[in-house]
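Student: I have a model open and do not know how to read it. Can we take it one feature at a time?

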Amino acid sequence: MGLNMNDIVAQLRSARQIPHVALQQYIILRSKAANDLVCVFEGFDDHPFYDTIFRRFSDNLVYRPLIANGKDQVLGLRELLVKRRSPLDQKVAYFIDKDFDGYKSYMPSKNTYCTNGYSIENNLCATSVLTILLETEYSCHKTDEEACIPNIIETFNLRLVEFAMHMRQANKVIHFARQNGVRLRGIENQITKYLNITLKEIKPTTSDHLKLIGWPEDVSVDAALEPTLAFDSLAPMLDWRGKFVLGVYLELLNRLKDDRCSTAPVLFKTRNKIKFNPKGDILRTLALLAPAPSCLRDFVAYLDELSHSNAITA
């Protein structure tokens, strides 16, 4: 009897949890660089962030990146390499996002870095970053508009409070799903699908947020909406879904650019055309400016030692 579509989908999902592809990539990489430190990342966006952090806090860290395509792949590869018990596999470091489920069923380890917030994106959205961007990229110093900065920061923070109010349900339901094994059909990360964002106000779109996060139609959502201390204790900007947080941050930066370039700006005194593009390839810029948590700085110091340890041979 043939498999039905649900069985096929289940097998495909199960296959994604088996890190054999990551192991194959690792073996190929290790064959070319037997003594190099290998850093295993969840996704492609992680590499430029961590590479920038490495360059900030180490002058000579040498490593090879490996993109494993997901947390389960990263931690699964770690388990496979531990079982191999090969000296060649000692110079490997792993990087995962805490998300809403931490290490899942895996254990922490010295050679694994887990973000202090939901993901790397959350660390990029500090007020100090906004201040630096205003002073430089938005030309406040150049045009003697430093007096505008406190009001702009206050406006930004008010919009982020509205963001937290309107995105609370979506984050709470995702948190419940991750904690209770509810499989979401696929989370829409584009923040403008959820919110209408301006410098004057942030308010929800007419879209159903439960549908946007992929809540299964045949599962009641009532339990997910119940108050819980585990979720209520989270800090929205640090601990909520990072793609939502960075999304609203970049949208506000873009609206701020529109205002700066406007013939009748609201938050600035005068018009000034700027080249800064918040919608461009901005991860490295933000990673360069954002304060790095002490746990990450300490991990880079550990990597620096590991990368320059004595050659390992089989």
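Tutor: We will go through salt bridges, a helix, cysteines and nonpolar cores. Keep in mind that this is a predicted model.

Student: Let us start with charge. How many salt bridges does the structure hold?

Tutor: First the general idea. Side chains of opposite charge can pair when their charged atoms come close. Here, the structure holds 16 salt bridges.

Student: Which residue forms a salt bridge with arginine 260?

Tutor: Glutamate 145 does, and the closest N and O atoms are 3.0 Å apart. Now place the two residues. Arginine 260 sits in helix α11, residues 242-261. Glutamate 145 sits in the loop between α5 and α6. The pair therefore ties together parts that are 115 residues apart in sequence.

Student: Are arginine 260 and glutamate 145 buried or exposed?

Tutor: Arginine 260 is buried, at 0% relative accessibility. Glutamate 145 is buried too, at 1%.

Student: What about aspartate 232 and arginine 168, whose side chains also meet in a salt bridge?

Tutor: Their N to O distance is 2.5 Å. This pair also links distant parts of the chain, 64 residues apart. Aspartate 232 belongs to helix α9, and arginine 168 to helix α7. Check the surface as well. Aspartate 232 is partly exposed, with a relative accessible area of 38%. Arginine 168 is partly exposed, at 36%.

Student: Which residues are joined into one network by salt bridges that share partners?

Tutor: Asp51, Arg55 and Arg284.

Student: And how do arginine 78 and glutamate 79 meet?

Tutor: Through their side chains, in a salt bridge of 3.3 Å, N to O. Arginine 78 is buried, at 4% relative accessibility. Glutamate 79 is partly exposed, at 29%.

Student: Back to α11. How many residues does α11 have, and how far does the helix reach?

Tutor: To read a helix, set its span against the expected one. α11 has 20 residues and reaches 29 Å from its first C-alpha to its last. That is close to the 28 Å expected at 1.5 Å a residue.

Student: Why is α11 called largely enclosed by the rest of the structure?

Tutor: Because 16 of its 20 residues are buried.

Student: Next, cysteines. How many disulfides are there?

Tutor: Zero. Read this from the sulfur distances: a disulfide needs two cysteine sulfur atoms within 2.5 Å. For cysteine 39, the nearest cysteine sulfur is that of cysteine 295, 16 Å away. Cysteine 39 is buried, at 0% relative accessibility.

Student: Why is cysteine 114 not bonded to cysteine 295?

Tutor: Because their sulfurs are 8.9 Å apart, too far for a bond. Cysteine 114 counts as buried, at 17% relative accessibility, since buried means under 20%.

Student: Last, the inside. Which residues touch the most other members of the largest nonpolar core?

Tutor: The general idea comes first. In soluble globular proteins, nonpolar side chains tend to be buried together. Here the largest core has 80 residues. Those touching the most other members are Phe54, Phe95, Leu134, Trp215, Leu256 and Leu303. α11 gives the largest share of this core, nine residues.

Student: What does phenylalanine 54 touch?

Tutor: Leaving out residues up to four places away in sequence, its contacts include Cys39, Phe41, Leu61, Tyr63 and Phe95. Val300 and Leu303 are also among them.

Student: How many residues are in the second, separate core?

Tutor: That core has 17 residues, including Leu29, Val38, Ala68 and Leu75.

Notes. Residues numbered from 1 in each chain as written. Predicted model: local features only at pLDDT ≥ 70, side-chain atom pairs only at ≥ 80, totals over all residues. Heavy atoms only, no water. Salt bridge = Lys/Arg side-chain N within 4 Å of Asp/Glu carboxyl O. Buried < 20%, exposed > 50% of the residue type's maximum accessible area, 1.4 Å probe, protein only. Helix = DSSP H or I, 4+ residues; strand = E, 2+ residues; numbered from the N terminus. Expected span 1.5 Å × (residues − 1). Core = buried A, V, L, I, M, F, W, Y, C linked by side-chain atoms within 4.5 Å. Contact = heavy atoms within 4.5 Å.
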